[in-house]
Amino acid sequence: MKKSIGIHERLYPNPVVLVSCSHKQDDNIITLAWAGTVCSKPPLISISIRPSRHSHKLIKDSGEFVINIPARGQESLCEFCGSHSGRDTDKYKDLSLAKGEPSRVKTPHITQCPVNIECKVTKVIGLGTHDLFIGEVLDVLADARWIYPDGDLDYEKMDTLTYCMGNYFYIKTPETKLGHD
């Protein structure tokens with residue numbers, strides 16, 4: 001028997017991403033679990049951020065962001081970037097993170113993350129507590145060790161993180177896989 005638990009945003013688990021943003025020499029990183037694919041052609045990704053967050057202003061002013069996909073062992077980066085404001089701390093410096101050279105945007109990516117997705121903001125939609133930034137993917141950078149010979153990403157090697165109700169989880173590799181064998 002089903003029982004109502006009320007009205008909530010209970011679509012879990014969500015991917016964990018570290019979004020880097022930059023405007024006028026002010027670089028920051030925010031941890032988000034509200035990110036997702038919006039469209040294939042053109043390739044669009046959405047992120048949701050509260051207007052009160054420092055990163056919100058940087059992204060709105062610059063019109064771009066980079067989605068950095070963390071892997072197993074980078075949970076402490078996610079926790080720190082999600083619990084400290086860029087108004088008060090230099091997260092790159094405090095975490096000894098290297099600023100990667102972007103290819104199509106001005107915002108640096110996080111070199112230590114296996115995948116970096118450079119995006120240009122195409123639309124901002126105010127939704128209530130959060131604004132939805134829709135970004136067109138301009139380039140995807142990945143460590144060579146995470147790429148299949150056909151050029152696609154091998155997420156199984158990365159041990160990507162998901163987030164569910166305050167906890168981090170890893171995506172497990174299924175015993176039976178389809179494709180890329």
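How many bridges join S1 to strand S11, and in which direction do the two strands run? In this predicted model, strand S1 is joined to strand S11, which spans residues 161-164, by 2 bridges, and the two strands run antiparallel. Within this pairing, Pro15 has Thr162 of S11 as its bridge partner.

The pairing of S1 with S11 belongs to an open sheet of 3 strands, in which the order is S1-S11-S12 and the pairing is antiparallel. The edges of this sheet are formed by strand S1 (14-15) and strand S12 (167-170), each of which pairs on one side only. In general, the strands of a sheet pair through backbone hydrogen bonds, in either a parallel or an antiparallel manner. Helix H2, comprising residues 75-83, lies across S11 and S12, and its direction makes an angle of about 145 degrees with S12.

Turning to charged side chains, a search of the whole structure finds 3 salt bridges. One of these is formed by Asp27 and Lys99, whose closest N and O atoms are 2.5 Å apart. Because Asp27 lies in strand S3 (residues 26-32) whereas Lys99 lies in strand S7 (residues 99-100), this pair ties together parts that are 72 residues apart in sequence. The partners can also be described by their accessibility: Asp27 has a relative accessibility of 18% and so counts as buried, the cut-off for this class being under 20%, while Lys99, at 44%, counts as partly exposed.

A salt bridge is likewise found between Asp61 and Lys57, with the closest N and O atoms 2.7 Å apart. Both residues are located in helix H1 (residues 54-62), where a separation of 4 residues corresponds to about one turn of the helix. Asp61 is partly exposed, with a relative accessible area of 38%, whereas Lys57, with a relative accessible area of 51%, is exposed, a class that requires a value over 50%.

The salt bridge between Asp143 and Arg145 has its closest N and O atoms 3.8 Å apart, a distance that falls within the 4 Å cut-off applied to such pairs. Here Asp143 is partly exposed, its relative accessible area being 26%, and Arg145, at 58% relative accessibility, counts as exposed.

Notes
Residues are numbered from 1 along each chain as its sequence is written. This is a predicted model: local features need pLDDT of at least 70, side-chain atom pairs count only at pLDDT 80 or more; totals for chains, interfaces and linings use all residues. Side-chain values use heavy atoms; hydrogens and water are left out. Buried means under 20% relative accessible area, exposed over 50%, partly exposed in between (1.4 Å probe, protein chains only). Two strands pair if DSSP finds at least two bridges between them. Contact means heavy atoms within 4.5 Å. Axes are lines fitted to C-alpha atoms, for helices over the stretch in contact, and angles run from 0 to 180 degrees between N-to-C directions.
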